[in-house]
Amino acid sequence: MIESIRITEDNHVLEIEIARPEKKNALTGEMYRSMTNALGDASQRREIGAVLVHGAGGAFCAGNDLADFISGPDGGIAAFEFIRAIAAFPKPIVAAVQGLAVGVGTTLLFHCDLIYAAPDAQFIMPFVNLGIVPEAASSLLAPATIGYAKAAAMLLLGEALDAHGADQAGLITGIVAKDGLLDHARSKARALTAKPPEALLATRRLMKGDPTAIAARIEEEAALFRDAMQSPEAQEAFAAFFEKRPPVFAARD
Ligand SMILES: C/C=C/C(=O)SCCNC(=O)CCNC(=O)[C@H](O)C(C)(C)COP(=O)(O)OP(=O)(O)OC[C@H]1O[C@@H](n2cnc3c(N)ncnc32)[C@H](O)[C@@H]1OP(=O)(O)O
């Protein structure tokens, strides 16, 4: 186990805590690999009935570590392995979101089942701003979950949705006060593990819809994503982030 991903178990629930608070829980290759392994393990073990994901230190997750994107060759590969794993994960996933959920920090939520958010939660999918494209089948699942118009504001303009907006749009299950958020999410995860497992898993499978369409969209996005990562637009956006300046993209005229 690595320090920045803490895996624990309690009452048949496997908990994944993203714990890199000094970088707002941005995900590195080794963090993705650790979570992918934890999901693989949890899917095999009968005694695990649900997974709970949360972030340490006031943020949920600031998305992919942008330094990892720049430094390659791993940039993006571990992320897509994690995305495939969470999309195919057969058991219920509960998320407790406080503070920022950026990039994959939001898109992973489309593969969760119950999402509880603190009032300070902010959901942001800034892919276009970064010169890249959506991932985790969010180009399919965002319009399907929150409607095209809200998805367009998030995915084309990169606008944030706050907790209230996310609740209204149907992105989350509910809003819970920050100090009770984790306990609430834990109690819901435990409640899932007390249900008859076969009926629960079959119901979830039916609700999730056609897995081949989701898997195909993940791969379609991944191919575009890999190309976009090499583009001058993305290189400028990543450089601007670390130089703490606004990006300057090519003029239209
Ligand atoms: C396949 C997956 C794709 C994706 O996920 S694409 C999305 C990638 N993520 C992003 O583009 C988010 C980038 N980060 C930000 O825009 C901002 O940060 C936040 C809005 C998340 C937070 O802003 P604020 O509250 O002002 O905090 P701060 O001072 O910017 O961040 C604290 C420290 O955390 C580092 N950090 C934050 N996010 C990332 C990241 N994604 N990759 C690498 N570092 C990150 C910063 O640089 C800084 O560090 P220092 O204290 O050393 O200056």
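## Strands and a ligand pocket: a guided read

Guide: Let's start with one pair: Ile 7 has Ile 16 in β2 as its bridge partner. This is a predicted model, where local features need pLDDT of at least 70, side-chain atom pairs count only at pLDDT 80 or more, and totals for chains, interfaces and linings use all residues. Residues are numbered from 1 along each chain as its sequence is written, and side-chain values use heavy atoms, with hydrogens and water left out.

Visitor: When do two strands pair?

Guide: DSSP has to find at least two bridges between them. Strands here are DSSP runs of E, at least two residues long, and helices are runs of H or I with at least four; both are numbered from the N terminus. In this model, β1 (residues 5–10) and β2 (residues 13–18) are antiparallel and share 6 bridges. Their hairpin has 2 residues between the strands, and Asn 11 takes a positive phi near 50 degrees there.

Visitor: In what order do the strands of the 6-strand sheet run?

Guide: The order is β1-β2-β3-β4-β6-β9, in an open sheet with mixed pairing. At its edges are β1 and β9, each pairing on one side only. As a rule of thumb, side chains in a regular strand alternate between the two faces of the sheet.

Visitor: Which strands does β6 run parallel to?

Guide: One is β4 (residues 93–97), joined to β6 (residues 114–117) by 4 bridges; Val 97 has Ala 117 as its partner there. The other is β9 (residues 174–175), with 2 bridges to β6, and Tyr 116 stands opposite Gly 174.

Visitor: What about the sheet with 3 strands?

Guide: That open sheet goes β5-β7-β8, again with mixed pairing. Its edge strands are β5 and β8 (161–162), each pairing on one side only. β7 (residues 122–124) pairs with β8 in the antiparallel sense over 2 bridges, and Gln 122 faces Asp 162.

Visitor: Now the ligand. Which residues come nearest?

Guide: A residue counts as near if one of its heavy atoms lies within 4 Å of the molecule. Of the 22 residues around the ligand, Lys 23, Ala 62, Asn 64, Leu 66 and Lys 244 come nearest. By class, the shell splits into 13 nonpolar, 3 polar and 6 charged residues. Nonpolar means Ala, Val, Leu, Ile, Met, Phe, Trp, Tyr, Cys and Pro; Asp, Glu, Lys and Arg are charged, and the others, Gly among them, are polar.

Visitor: Where are atoms of the protein placed against oxygen atoms of the ligand?

Guide: A backbone N or O atom of Asn 64 lies 2.8 Å from a ligand oxygen, and one of Val 104 lies 3.0 Å from a ligand oxygen. With Lys 244 it's an N or O atom in the side chain, 3.0 Å from an oxygen atom of the ligand. The elements giving two or more residues to the shell are α2 (66–71) and β5 (100–102).

Definitions and conventions:
Polar contact = N/O pair within 3.5 Å; in protein donor to acceptor, adjacent residues only side chain to side chain.
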